[in-house]
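Welcome, and please get your viewer ready. We will go from one selection to the next, pausing at each stop to see what is there.

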2 protein chains.
Amino acid sequence: MEFSSFVARTNTCGELRSSHLGQEVTLCGWIQYRSESAASVRRILCEAPVESVVRVCGTVISRPPGQENPKMPTGEIEIKVKTAELLNACKKLPFEIKDFVKKTEALRLQYRYLDLRSFQMQYNLRLRSKMVMKMREYLCNLHGFVDIETPTLFKRTPGSTCPATIPVKLITACKGAGLTRDTDREHSSVWRRHTPAPPLSLAQLSSQLLSQEYRCQKPVKNVVLGFDTRKTNAILIKKRNRGAKEFLVPSREPGKFYSLPQSPQQFKQLLMVGGLDRYFQVARCYRDEGSRPDRQPEFTQIDIEMSFVDQTGIQRLVEGLLQYSWPDDKDPLMIPFPSMTFAEALATYGTDKPDTRFGMKIVDISDVFRNTGLRFLRDALAKPQGTVKAIRVHEGAKYLRKDDIEYIRKAAAHHFSQEVLPIFLNAKKNWSSPFAKFIVEEERLELTRLMEIQEEDMVLLTAGEHEKACSLLGKLRLECADLLELRGMVLRDPAVFSFLWVVDFPLFLAKEEHPTELESAHHPFTAPHSSDMHLLYTEPEKVRGQHYDLVLNGNEIGGGSVRIHDAQLQRYILETLLKEDVKLLSHLLQALDHGAPPHGGIALGLDRLVCLVTGAPSIRDVIAFPKSYRGHDLMSNAPDCVSAEELKPYHIHVLWPTDSEEESASATPSKHLSS
Amino acid sequence: MEFSSFVARTNTCGELRSSHLGQEVTLCGWIQYRSESAASVRRILCEAPVESVVRVCGTVISRPPGQENPKMPTGEIEIKVKTAELLNACKKLPFEIKDFVKKTEALRLQYRYLDLRSFQMQYNLRLRSKMVMKMREYLCNLHGFVDIETPTLFKRTPGSTCPATIPVKLITACKGAGLTRDTDREHSSVWRRHTPAPPLSLAQLSSQLLSQEYRCQKPVKNVVLGFDTRKTNAILIKKRNRGAKEFLVPSREPGKFYSLPQSPQQFKQLLMVGGLDRYFQVARCYRDEGSRPDRQPEFTQIDIEMSFVDQTGIQRLVEGLLQYSWPDDKDPLMIPFPSMTFAEALATYGTDKPDTRFGMKIVDISDVFRNTGLRFLRDALAKPQGTVKAIRVHEGAKYLRKDDIEYIRKAAAHHFSQEVLPIFLNAKKNWSSPFAKFIVEEERLELTRLMEIQEEDMVLLTAGEHEKACSLLGKLRLECADLLELRGMVLRDPAVFSFLWVVDFPLFLAKEEHPTELESAHHPFTAPHSSDMHLLYTEPEKVRGQHYDLVLNGNEIGGGSVRIHDAQLQRYILETLLKEDVKLLSHLLQALDHGAPPHGGIALGLDRLVCLVTGAPSIRDVIAFPKSYRGHDLMSNAPDCVSAEELKPYHIHVLWPTDSEEESASATPSKHLSS
């Protein structure tokens with residue numbers, strides 16, 4: 001590798017070693033510290049401000065005895081400078097670039113070009129580049145893939161816009177709490193008590209809504225409750241779109257817009273119909289989700305599609321890809337990766353993206369409590385799908401404090417309005433729990449056996465419908481892991497990368513707002529499991545899809561599927577089951593009729609993957625110029641205002657919101673919740 | 001290379017040779033022709049429609065004697081099929097996929113997924129992928145470049161929008177022709193005769209405008225003249241923006257827009273300030289130029305930037321890059337490429353992108369005619385910068401017909417309102433030209449000597465201001481080459497790739513509409529020639545820039561520059577010379593003040609480069625899913641209508657044009673000119 005070809009230096013500053021001793025070198029770089037220099041170059045090297053750019057010529061010599069730094073690769077040598085030249089003087093900096101000087105992220109983003117000089121950003125961006133290059137070698141050079149660019153100026157995809165709605169259950173709850181709908185906009189809705197009742201506190205109102213009538217499994221996913229700042233007897237419901245939206249690009253034809261696609265999904269399938277056989281692309285994708293922490297409006301995926309392939313083929317390809325591109329400074333990856341069905345992931349980890357770096361698995365202990373005297377457990381078990389579940393927090397009784405437990409109980413109540421019974425074991429195997437006295441000896445022994453309970457363990461127990469109970473314990477499992485690590489236990493070794501395939505997802509889900517309607521769990525092009533085909537026409541909700549997710553340390557980093565290649569089947573699913581407007585996809589349906597090969601593929605989220613590999617705290621740390629969580633470029637101040645004149649060629653103009661609309665639109669959820 | 005890893009076949013159809021004889025193989029593919037088959041598989045292989053997808057298992061055997069096809073790599077073998085399986089039947093196709101069946105381009109684009117199966121599209125896309133991969137290897141693996149993705153949701157760049165204007169000269173000409181401005185819009189202007197004169201014909205009107213008052217060198221670049229279809233006594237001037245425009249992307253904040261950048265120019269420079277040292281990216285870029293033949297609204301460039309580099313460094317890097325990535329089936333490239341100054345290119349080829357595959361250079365023959373009796377030459381020479389120039393069309397008198405000459409004369413008059421004197425030599429060295437009798441013997445001998453005129457050559461001669469005369473002959477040179485090839489001469493060997501650097505461009509140009517104002521010839525970040533620095537403050541129009549273009553066979557395929565790294569100089573050029581609003585670039589100016597290294601770079605137009613390498617007739621043939629010349633995706637029908645409801649989150653609405661506006665906006669120039 002030649003790092004100094006074509007430029008005015010002989011070496012980079014970082015590559016010199018004692019093997020270069022005696023060599024005449026020319027180096028270019030930034031002044032980091034001022035150090036003593038010969039008189040001839042002192043004016044430049046000692047008087048120029050730190051971070052000024054200089055070129056020096058000199059000889060590589062050994063550091064004086066005692067001044068070697070064995071921690072630095074360059075720590076044995078230094079340069080005896082003969083000539084120095086100031087290439088560009090640095091003006092006063094907004095902050096010191098040294099890694100140990102902590103900066104706010106806003107400041108780092110505003111002066112991104114300075115932040116990029118930090119060791120961590122240099123490491124992250126260079127590692128990213130190398131990993132992607134290795135991936136390309138694996139795909140292009142070893143396995144005959146064709147790198148094909150697909151358009152980003154495209155058209156809207158069906159299902160890409162889900163107008164925000166408030167779940168029916170919440171509407172019922174609002175009405176039940178004596179509220180009437182005051183104003184309703186696309187992104188928010190205000191509900192108000194018109195009776196001259198005393199103002200409700202936010203806590204009262206939301207607990208009234210959440211605890212009783214509104215028991216939706218994941219309310220936080222769709223709405224955020226908050227007070228309208230100026231109407232204390234009203235509640236503001238900020239709606240969030242479930243589906244991601246596509247950015248629009250006005251064209252010069254009146255009323256016609258391109259859209260920036262969320263993925264090259266249609267194109268990759270059309271390429272297979274076009275006989276390209278093996279496609280990949282490092283694809284820029286766009287998703288307009290409004291403000292979301294740790295999401296970016298534009299992101300990158302490793303996009304792959306193959307003809308004549310099945311699920312296993314794609315999985316082996318991706319395993320090989322990751323193994324081949326894995327950084328040299330990490331332990332090599334073991335393949336194949338383990339695999340787990342969606343049902344098993346939910347039952348064991350309470351999520352479709354289990355973090356398998358640690359145990360603490362969910363155990364079904366329903367049978368232990370068939371004859372319990374505890375009414376709350378008995379009632380739960382009597383209901384359909386009723387279960388009792390628990391996780392064992394190893395050494396939880398030793399590490400977790402009383403307020404940790406309280407935090408967990410509150411989290412459970414807040415998110416799920418569900419009870420959790422913490423049971424502790426102390427060193428003498430006595431039970432310590434407010435409910436312990438209701439657990440009989442036989443139950444205790446059986447529980448200990450089933451869950452392999454040891455001294456100083458803690459058990460968290462809950463009861464309820466299978467999916468809900470698993471989901472709750474899955475969340476508490478992660479909360480416990482965080483708390484245990486906060487208290488000094490090491491559960492998740494940063495050197496461990498735990499990959500997992502999750503498979504056999506349901507093909508369809510019931511829509512949250514309209515439970516009688518179906519939506520695709522992955523996307524409408526996913527092929528059903530061949531063994532479930534017969535159910536498609538009778539009980540479609542039971543059909544599993546040929547869809548696979550790749551999970552790393554509890555994060556979904558990829559997802560794909562074998563696609564439908566039969567036009568008739570695709571039309572049936574789009575039209576009859578999903579009630580989509582097939583006109584928008586007529587070109588794809590037609591393509592399937594014109595000799596489409598069986599095909600499948602996957603997309604890996606590159607930003608997230610590199611973030612996990614580098615151990616960066618945020619995906620913003622593996623992107624050269626990221627947007628803030630509100631979608632702003634803090635350096636250049638994008639997005640920016642555009643004059644009406646400049647909008648004219650696009651036949652659009654701005655609809656300025658009224659003052660009150662603007663206020664409620666710009667108010668953030670946290671502001672409301674803290675008021 | 002494993003083309004059949006991970007999939008349900010043993011080989012691809014195209015890779016079997018006689019070395020595979022006797023092997024059991026499984027192949028997947030499309031039925032091309034029906035041929036005789038064993039009874040067991042006949043139903044599938046003979047009855048399924050052509051282009052149906054099948055999988056066959058069988059043994060590789062030799063073709064029967066006499067049936068070998070030496071032209072095909074697979075021509076010695078065939079498969080004795082044991083089992084066959086129909087994977088997907090093909091419905092009736094809109095056209096036959098065979099290469100010899102000619103399709104309109106509109107049909108090919110509408111069914112792009114079928115067109116992609118053609119030999120040519122497969123070759124083009126696969127070659128493109130391989131070339132890009134080799135470029136990446138060269139940059140990343142051999143020379144330490146870092147592949148960095150830069151945002152495409154950015155903000156407007158200063159100077160990116162040039163509101164369309166009509167050149168002052170044309171306005172004068174219109175007024176001179178008795179017209180008054182009727183309506184004036186951003187993209188068109190209607191001028192009307194209000195006096196009740198008989199309607200002018202288009203020819204009359206435009207010749208009136210073009211011949212006399214309006215002698216602008218390149219009128220076609222800025223305006224197209226045409227009749228307003230319904231007003232025969234009016235003329236429609238369609239304005240074209242000189243500068244390219246940036247697409248806008250509305251954000252969810254009222255009135256704020258991202259823009260899709262024309263190149264990562266600012267980001268690549270900021271990466272150098274950030275110490276990334278060697279950056280490259282295969283970058284998607286966007287340019288909204290309205291309808292332009294053979295341009296795409298999104299296109300791809302190989303984007304490169306280096307620190308501590310000079311012009312020569314970038315040139316040697318790019319030569320190495322192209323040599324390394326050059327396809328194996330072409331002759332290897334010889335490097336370094338020749339280089340020519342802008343002044344020399346203009347004087348010799350009449351253009352800044354000379355096609356150096358053939359001669360026919362422009363010769364200044366002013367001295368020959370210092371004492372000529374031809375008044376038109378004498379007048380021209382008397383003016384400042386007046387010259388007489390000529391090109392020698394080798395064997396032009398033999399190959400070119402009378403109507404070819406007429407065509408050339410008309411082209412000269414149409415584009416330049418300038419006279420061209422064709423002079424022929426026949427086999428007996430007699431001169432044949434309407435002007436021959438005015439050329440005296442001495443002039444004739446001197447001309448023959450200077451231009452090395454041989455039997456059957458033709459000479460095209462013009463007189464006028466240096467730049468204008470060169471520019472005209474440069475265009476006629478290309479017209480002659482086209483005509484000569486049409487008549488059977490081979491001038492431009494398709495196997496020859498003639499690269500050329502053009503350097504020493506002027507840093508600034510006078511604005512066409514406001515000749516006292518300056519604009520950047522390349523872009524405002526280009527560094528001045530160090531030897532011209534002193535002129536910057538006195539005669540900036542004389543300063544040359546450190547800007548280099550790479551030309552291949554007469555096409556500009558790349559351009560770059562050494563950048564300004566001094567904040568003060570950059571501010572002076574932006575603010576004082578170019579009158580730009582520096583607020584929009586404050587982050588860049590600040591970055592230059594914070595330790596910016598000297599740096600430079602280049603961008604290569606990948607689509608055009610691959611188009612030239614493959615010999616494709618259009619860049620649309622090297623892009624998987626191109627847009628039509630009007631910016632439409634004919635397959636999916638993008639851009640498409642979007643409902644007012646879907647525009648709401650972006651706080652915009654459509655300004656529908658009135659009927660008459662729409663008509664004049666949608667009318668194409670050619671329609672007008674032919675009416």
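Start by selecting Leu27(A) and Val56(A): these two are bridge partners, with Val56(A) sitting in strand E2 of chain A. Before going further, keep in mind that what you have open is a predicted model.

**The sheet around Val56(A)**

Keep Val56(A) selected and add Ala84(A), which stands opposite Val56(A) in E3(A). Now show the strands as ribbons. Which strands form this sheet, and in what order? There are three, arranged E1-E2-E3 in chain A, and they make an open sheet with antiparallel pairing. Colour E1 (24-30) and E3 (77-88) of chain A: these stand at the edges with a single partner strand each, so one side of each has no neighbour in the sheet. Look along the sheet as well, since neighbouring strands are turned by 25 degrees against each other on average, direction ignored.

Next, follow the pairing on either side of E2(A). How many bridges link E1(A) and E2(A)? Seven bridges pair them, in the antiparallel sense. Between E2 (residues 53-62) and E3 of chain A there are ten bridges, again with the strands running antiparallel. To see another pair on that side, select Gly58(A) and its bridge partner in E3(A), Val81(A). As you look at the side chains, recall a general point: in a regular strand they alternate between the two faces of the sheet.

**Arg112(A) and its surroundings**

Now select Arg112(A), found in helix H3 (residues 112-115) of chain A. Is Arg112(A) buried or exposed? Arg112(A) is buried, because its relative accessible area is 2%, below the 20% cut-off. Show what surrounds it: setting aside neighbours within four places in sequence, Arg112(A) contacts Met121(A) and Met635(A), along with Arg620(A), Asp621(A), Ile623(A), Ala624(A), Phe625(A) and Pro626(A).

**Lys579(A) in its loop**

For a contrast, move to Lys579(A), in the loop between helix H16 (567-577) and helix H17 (586-593) of chain A. Lys579(A) is exposed, with a relative accessible area of 63%. Its side chain reaches the backbone oxygen of Thr576(A) at 3.0 Å. Then select Leu518(A): it is 61 residues from Lys579(A) along the chain, while their C-alpha atoms are separated by 8.7 Å.

**Zooming out to chain A**

Show the whole of chain A, with its 21 helices and 26 strands. Of the 675 residues in this chain, 55% are buried. Among its contacts between residues at least 6 apart in sequence, 68% join residues at least 24 apart.

**Across to chain B**

Select H9 in chain B, residues 311-325. Its 15 residues should span 21 Å at 1.5 Å a residue, and its end C-alpha atoms are 21 Å apart, which agrees. Eleven of the 15 residues are buried, so H9(B) is largely enclosed by the rest of the structure. Among them are Gln311(B), Gly313(B), Ile314(B), Leu317(B), Leu321(B) and Ser325(B).

Finally, display both chains. What superposes chain B on chain A? A rotation of 180 degrees with 0.0 Å of shift along its axis does it, at an RMSD of 0.1 Å. That is the relation of a two-fold axis. The same surface serves both copies, as 99% of the contact residues of chain B recur in chain A.

Technical notes. Residues numbered from 1 in each chain as written. Chains lettered and ligands numbered in written order. Predicted model: local features only at pLDDT ≥ 70, side-chain atom pairs only at ≥ 80, totals over all residues. Heavy atoms only, no water. Helix = DSSP H or I, 4+ residues; strand = E, 2+ residues; numbered from the N terminus. Buried < 20%, exposed > 50% of the residue type's maximum accessible area, 1.4 Å probe, protein only. Polar contact = N/O pair within 3.5 Å; in protein donor to acceptor, adjacent residues only side chain to side chain. Least-squares fit on C-alpha atoms with pLDDT ≥ 70 in both. Contact = heavy atoms within 4.5 Å. Expected span 1.5 Å × (residues − 1). Pairing = 2+ DSSP bridges. Axes fitted to C-alpha atoms, helices over the stretch in contact; angles between N-to-C directions.
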